[in-house]
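Please walk through this structure by way of questions and answers, taking the strands, then the ligand, and then the aromatic rings.

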Amino acid sequence: MNIGFIGLGNMGAPMAANLAKAGHQTRGFDVAGTTAEGVAPAASIAEVAQGADVVITMLPNGAILRQVADELIPNMRDGALFIDCSTVDVESARYAAQAAENAAVMAVDAPVSGGIGGAAGGTLTFMAGGSDKAFETARPLFDIMGQKAVHCGDAGAGQAAKICNNMILGATMIATCEAFALADKLGLDRQKMFDVVSTSSGYSWSMNAYCPAPGVGPTSPSDNDYQPGFAAELMLKDLGLSQQAAEMVDADTPMGELARKLYAQFVENEDGKGKDFSAMLPRFAARGRDA
Ligand code: NAD
């Protein structure tokens with residue numbers, strides 16, 4: 001296939017490189033002038049669109065996605081496929097899907113989980129929204145860039161699944177970290193805490209697979225001085241998107257909102273910026289009830 005890729009950042013560059021490595025003709029564009037291995041550089045968004053069977057975007061936010069979609073989609077051929085893999089608000093995902101439909105272009109919103117390691121290793125999980133035909137057309141490319149793709153529903157459903165997942169993740173990470181900090185103060189050994197909780201009803205991905213306590217559980221960013229991993233500011237972004245979506249549909253999400261507030265405080269007023277999102281553990285451990 002002829003593939004265009006827009007947004008060759010931390011995630012996009014390795015994803016585009018994997019498509020090129022699999023034998024697809026791949027052209028890429030990034031405003032910052034970044035490139036990716038095996039990917040031919042294009043001079044503009046319009047140039048990426050020309051002759052492309054598929055164009056994939058991996059961009060920072062919904063406002064940029066809307067701008068890029070406005071410039072890209074009118075230049076794509078009828079029946080081509082547009083895949084947005086960025087994490088954005090549900091409304092922007094639906095805006096891009098509508099613009100595609102108006103231009104007879106197929107569209108899938110397909111945010112990912114798996115981070116930079118998953119992008120490089122081709123082991124991402126895709127959560128996709130769009131028509132059956134668009135999803136089936138995209139699937140072989142998801143198989144190259146990732147290990148699992150779930151078709152979640154119509155346009156926006158991929159973003160909806162992503163922000164609901166990450167709202168759970170933010171809240172469970174905070175709950176896990178505050179429980180470790182309480183256990184410390186009760187004199188409970190962190191390894192014993194892990195041994196019990198990871199096999200009891202308090203278990204979660206945050207505890208079992210990504211334990212925030214250094215030296216406990218499988219290797220995670222806590223073992224590397226909380227270098228991200230999944231940065232606290234990216235968690236804050238996703239928690240903001242979940243609250244934006246909750247407002248849009250009048251959903252009551254008090255735990256998600258509290259998690260957003262705590263990550264905002266951590267990133268904006270404390271020392272959380274640039275740290276992994278599991279660095280909530282040393283934060284809680286250093287505090288008392290009135291801190
Ligand atoms: P990044 O900032 O490294 O990359 C974004 C790229 O988009 C940059 O290179 C930037 O120059 C480019 N860009 C911005 N505006 C552009 C435009 N108008 N035209 C062309 N290129 C443009 O970010 P990233 O870490 O690669 O993340 C990309 C997306 O993936 C985000 O939505 C993020 O939330 C999501 N995501 C990231 C991770 C992660 O671990 N980094 C994990 C899952 C999802």
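Q: Are the residues of strand β5 (residues 81–84) buried or exposed, and which of them point the other way from Leu81 and Ile83?
A: This is a predicted model, in which local features need pLDDT of at least 70 and side-chain atom pairs count only at pLDDT 80 or more, while totals for chains, interfaces and linings use all residues. Residues are numbered from 1 along each chain as its sequence is written, and side-chain values use heavy atoms, with hydrogens and water left out. Strands are DSSP runs of E with at least two residues, helices are runs of H or I with at least four, and both are numbered from the N terminus, while buried means under 20% relative accessible area, exposed over 50% and partly exposed in between, with a 1.4 Å probe and protein chains only. All four residues of β5 are buried, with Leu81 and Ile83 pointing one way and, on the other, Phe82 and Asp84.

Q: How many bridges join strand β4 (residues 54–57) to β5, and which residue of β5 stands opposite isoleucine 56?
A: Two strands pair if DSSP finds at least two bridges between them, and β4 and β5, which run parallel, are joined by four bridges. Within this pairing, the residue opposite isoleucine 56 is isoleucine 83.

Q: Through which helix does the chain cross from β5 to strand β6, and what is the hand of this β-α-β crossover?
A: β5 also pairs with β6 (residues 106–109), in the parallel sense and over four bridges, where leucine 81 has methionine 106 as its bridge partner. A crossover is right-handed if, with the strands pointing away from the viewer, the path from the first strand over the helix to the second runs clockwise. The chain passes from β5 to β6 through helix α4 (residues 90–102), and this crossover is right-handed.

Q: In which sense do β6 and β8 run, and which residue of β8 stands opposite valine 108?
A: On β6, Met106 and Val108 on one side and Ala107 and Asp109 on the other are all buried. β6 is joined to β8 by two bridges, and these strands run antiparallel. Opposite valine 108 in β8 is glycine 130.

Q: What is the distance from an oxygen atom of the ligand to a polar backbone atom of leucine 59?
A: A residue counts as near the ligand if one of its heavy atoms lies within 4 Å, and of the 23 residues around the ligand, Asn10, Met11, Asp30, Leu59 and Lys237 come nearest. A polar contact is a pair of N or O atoms within 3.5 Å; within protein, one must be able to donate a hydrogen and the other to accept it, and residues adjacent in sequence count only if both atoms are side-chain atoms. An oxygen atom of the ligand lies 2.9 Å from a polar backbone atom of asparagine 10, and for leucine 59 the corresponding distance is 2.8 Å.

Q: What is the angle between the planes of phenylalanine 126 and phenylalanine 142?
A: Rings of Phe, Tyr and Trp (its six-membered ring) pair if their centres lie within 6.5 Å, with planes under 30 degrees apart counting as stacked, over 60 as edge-to-face and the rest as tilted. By this rule there are six aromatic pairs. Phenylalanine 126 and phenylalanine 142 form a stacked pair, with 4.5 Å centre to centre and an angle between the planes of 25°.
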